[in-house]
Amino acid sequence: MESNVQKIKERVMIKTKDLKKIYQTEEVETTALNNINLDIKEGEYVAIMGPSGCGKSTLLNVLGMIDQPSSGEYYFFGEEIARYSERQRANLRKSNIGFVFQSFNLIDELTVYENVELPLLYLGLSSAERKKRVSEALEQMEIMARKSHFPQQLSGGQQQRVAVARAVVAHPKLILADEPTGNLDSSHGEEVMKLMDDLHEKGTTIIMVTHSPAYAEYSHRIIHLFDGHVVSENIQKEFKI
């Protein structure tokens, strides 16, 4: 019995307790996140929804270790990281988390191949290993034919394919997607959602911010935020431990 309990505990990837994020200026204090309590299991697909300004992107940035909470606790695979330094967060982030952004965030001066290779340079992988992984990611995203093109030579859908390839090239355990279809038409948006679904089927944990109820349907669970609070959670489909 103990071993089964331990196995379940080990599968909790993310746990937050009373997580807060407060932005302060000389004149005003804004609470972006207020007492967020979440459990995200390894292999889950979670959608985060809510009106503009409710804290969705802030929550994603904190979970992605780009930003630091003002107070509360954040556990990543049981390790408390809320008070980690920027260097500690960066080291943990680069080997565990891939990001997909609404605005693609590709570097215009780099080719498709070079954009996708960039995370592997930060990991210090050999040239041969980088070539192997980039080729696999470009083939997986069906963008290999464009590897020598620059981002501005691509359509929006193609740019997001490159962004997804860059997110998965380091084989992260977690993908964080912030409105990944926001700048795409419906056909390209559906294409990206199918790519995300394929990644999830292969075992990647996904947390996605979206305004689209239709795209949220891909997830196991929808978390609704309002004014920095979790106001409700809807189970979409069964997630098996």
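Start by selecting Asp178 and Val209 in this predicted model: Val209, in strand S8, is the bridge partner of Asp178. Widen the selection to strand S7 (residues 174-178) and you will find that S7 and S8 run parallel, joined by 5 bridges.

Next, add helix H7, residues 186-201. Together, S7, H7 and S8 form a right-handed β-α-β unit.

Now turn to strand S3, which covers residues 45-49. This strand also runs parallel to S8, and 4 bridges link the two. To see one pairing up close, pick Ala47 and look for Met208, its bridge partner in S8.

Stay with S8 a little longer. Is this strand buried or exposed? 5 of the 5 residues in S8 (residues 205-209) have under 20% relative accessible area and count as buried, so the strand is largely enclosed by the rest of the structure. Show the side chains, and you can follow two directions: Thr205, Ile207 and Val209 point one way, while Ile206 and Met208 point the other way. Residues on both sides are buried.

Two stops remain, and both concern backbone angles. Most residues other than glycine have a negative phi. Select Asn35 in strand S2, residues 29-41. Its phi is near 55°, a positive value in a residue other than glycine. Asn35 is partly exposed, with a relative accessible area of 37%.

Finally, where is Asp227 found? Look in the loop between strand S9 (221-226) and strand S10 (229-235). Asp227 is another residue other than glycine with a positive phi, near 50°.

Terms used. Residues are numbered from 1 along each chain as its sequence is written. This is a predicted model: local features need pLDDT of at least 70, side-chain atom pairs count only at pLDDT 80 or more; totals for chains, interfaces and linings use all residues. Side-chain values use heavy atoms; hydrogens and water are left out. Buried means under 20% relative accessible area, exposed over 50%, partly exposed in between (1.4 Å probe, protein chains only). Two strands pair if DSSP finds at least two bridges between them. A crossover is right-handed if, with the strands pointing away from the viewer, the path from the first strand over the helix to the second runs clockwise.
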